[in-house]
Amino acid sequence: MIPSHASVSSLSLAALRAARPVLWTRPDQAAPAAAAPYGMADVRAAHDRFVRFAPLLAQLFPELEAAGGVIESPLLAAPAMQAALGLPDTAGRLWLKADHALPVAGSIKARGGIHEVLEFTENLALAQGLIAPGDDYRQLGTPAARACFAQYQVAVGSTGNLGLSIGVIASALGFRAAVHMSADAKEWKKARLRARGVEVVEHPGDYEKAVAAGRRQVQADPRGYFVDDERSASLFLGYAAAALTLRDQIAQAGLVVDAEHPLFVYLPCGVGGAPGGIAFGLSLLFGAHVHCFFAEPVQSPCFLLRMLAGHGQLPGVPAPPSVYDIGLTNQTEADGLAVPRASDLAYGAVGHLLAGVYTVADDTLYGDLARLHDSEGLRIEPSAAAGFSGPRHLLGSVAGQQWLRARGLLPHLPRATHLAWTTGGLYVPAEAYDRFLSRGQRLAAAHQAQTNAPFLHHPSYRA
């Protein structure tokens, strides 16, 4: 039994309130994924649904033709980025799960968002007699099927990337598509949706208000279907299905995951559905040998607050907590992560197995975006850089070292795999990306001038 240890002190709570980077690690042993409300059969069902729809997806999206309709991203070794970060070889090897390059939607949201629309489409088509079990799903691209789908509206509330995935797939299938977006959503994402024929409904306020407004409007439509990021099992399981492909990619890369070869996974987190689903799927496959950490902006640590509250470490704050409850603004350049309150569904499914949560300043996101560009030649958006602070926190902070020591992982670090999940960026316009890169390069250069060991001795991670 691993001895319990205090992960959050009054000092780190003060840092959290002051929007400084912190690391929280769970003070108890993670429970098995089997304790969650879903199982491997549910994850495989989501995976199999993608397989059934692959021929139709290849027909609808030319970029999927070569892959036979499979929507997937590569697993990439990142030795140059590892060197740029200053991560020593003695701490393991850095890899990327490149969901920033996912086709069709250009982000991790392609997994859950597309899956839910496909599940709705499948159920509707079966009920309407458009297909029967075992049929070729390319029949759903015929004029008759599209005429049926055009009678229905598919809608979602989003700050950007989920809206892109839902809008693109729903409109491609022939549905009336609407995306309810918060004021902080990027203009280029709104423009891309409108170019696809998707209705964009803008709401004042943040993500939570956009979701609530969208939900109310769709409930008034008898043929409306609302994709609810805060409550959707279908979204969650669409993300979880990624674990099955990643397991195969890990094996093909010659990597091992076991007690002596731990796998650390760093996942950018908004409301929690995408990282939660992936963490759940990986835990089903690798059990105690995978250690998943969520990454959140310093102004939007909604899942961290939920974990603190669940462990009795957030006195005086109402439950379920919001970032506004501790005086934070929920304002961040990482628009897809700007969420004030965590998903109940995601917390219930993975709160018992998550290794930890850390927070990242916007300047750090930009600096790591630039390091990735200059070292590996990869283009991501700022929120997708949140994973690169995971090893920095884990190896360069007292809390991280204590957690590694308590779990007996320090001797195994040289054989560890650190996997940063890059979540979006494929369709960022060139002019917007150039601004990201310019800012990031200035920040990275200024930091490098202060220290020759940017990874383990960053001043934000010394306590």
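In this predicted model, helix 11 lies across strand 8, strand 9 and strand 11 (417-422), and its direction makes an angle of about 170 degrees with strand 9. The three strands that helix 11 crosses belong to an open sheet of seven strands, arranged in the order 1-10-9-8-11-3-2 with mixed pairing. Strand 1 and strand 2 (75-77) form the edges of this sheet, each pairing on one side only. From one strand to the next, the twist averages 25 degrees.

The pairings within the seven-stranded sheet can be followed from one edge to the other. At one end, three bridges join strand 1 to strand 10 (residues 356-360) in the antiparallel sense, and T25 has G356 of strand 10 as its bridge partner. At the other end, strand 2 is antiparallel to strand 3, again with three bridges; here L76 is matched with L96 of strand 3. Strand 3 also pairs with strand 11, this time in the parallel sense and over six bridges, with A98 standing opposite T422 of strand 11. Strand 3 (residues 93-98) is mostly covered, five of its six residues being buried. As a general reminder, the strands of a sheet pair through backbone hydrogen bonds, in either a parallel or an antiparallel way.

A second open sheet is made of four strands in the order 6-5-4-7, and its pairing is parallel. Its edges are strand 6 (199-203) and strand 7 (224-227), each of which pairs on one side only. The twist in this sheet averages 20 degrees from one strand to the next. Strand 5 (residues 176-182) runs parallel to strand 6 and is joined to strand 6 by five bridges. Within this pairing, V179 has V200 in strand 6 as its bridge partner.

Helix 16 offers a clear view of how a helix can be covered on one side. In helix 16 (residues 398-406), the buried residues are A399, G400, W403 and L404. They cover an arc of only 130 degrees around the axis, which places them on the same side of helix 16. The spacing fits a general pattern: an α-helix has 3.6 residues a turn, so residues three or four places apart point the same way. The elements covering these buried residues include strand 1 (23-25), strand 8 (263-268), strand 9 (290-297) and helix 15 (389-396). Just after helix 16, G408 adopts a positive phi of about 70 degrees.

Aromatic side chains supply another set of links, with 13 aromatic pairs in the structure. One of them joins F53 and Y137 in an edge-to-face arrangement, at 4.8 Å centre to centre and with 80 degrees between the planes. Because F53 lies in helix 2 (residues 40-60) and Y137 in the loop between helix 4 (109-127) and helix 5 (143-149), this pair ties together parts that are 84 residues apart in sequence. F53 and Y137 are both buried. For F236 and F280, the ring centres are 5.7 Å apart and the planes meet at 50 degrees, so this pair is tilted. F236 belongs to helix 9 (residues 233-240) and F280 to helix 11 (residues 273-286), so the contact ties together parts 44 residues apart in sequence. F236 is buried, at a relative accessible area of 1%, and F280 is buried too, at 0%.

Further rings come together in one aromatic cluster formed by F120, F149, Y152, F175 and Y225. Y152 of this cluster also has R223 over its face, at 5.2 Å from the ring centre. Elsewhere, the charged end of R192 sits over the ring of Y427, 3.8 Å from the ring centre.

A last site of interest is L443, located in helix 17 (residues 430-450). L443 counts as partly exposed, with 27% relative accessibility. When neighbours within four places in sequence are left aside, L443 is in contact with D363 and Y366. The C-alpha atoms of L443 and T364 are separated by 8.0 Å, although these residues are 79 residues apart along the chain.

Terms used:
Residues are numbered from 1 along each chain as its sequence is written. Side-chain values use heavy atoms; hydrogens and water are left out. Rings of Phe, Tyr and Trp (its six-membered ring) pair if their centres lie within 6.5 Å; planes under 30 degrees apart count as stacked, over 60 as edge-to-face and the rest as tilted. Helices (H or I, at least four residues) and strands (E, at least two) are DSSP runs, numbered from the N terminus. Buried means under 20% relative accessible area, exposed over 50%, partly exposed in between (1.4 Å probe, protein chains only). A charge sits over a ring if NZ of Lys or CZ of Arg is within 6 Å of the ring centre and within 35 degrees of the ring normal. Two strands pair if DSSP finds at least two bridges between them. Axes are lines fitted to C-alpha atoms, for helices over the stretch in contact, and angles run from 0 to 180 degrees between N-to-C directions. The arc is that of the directions from the helix axis to the C-beta atoms. Contact means heavy atoms within 4.5 Å.
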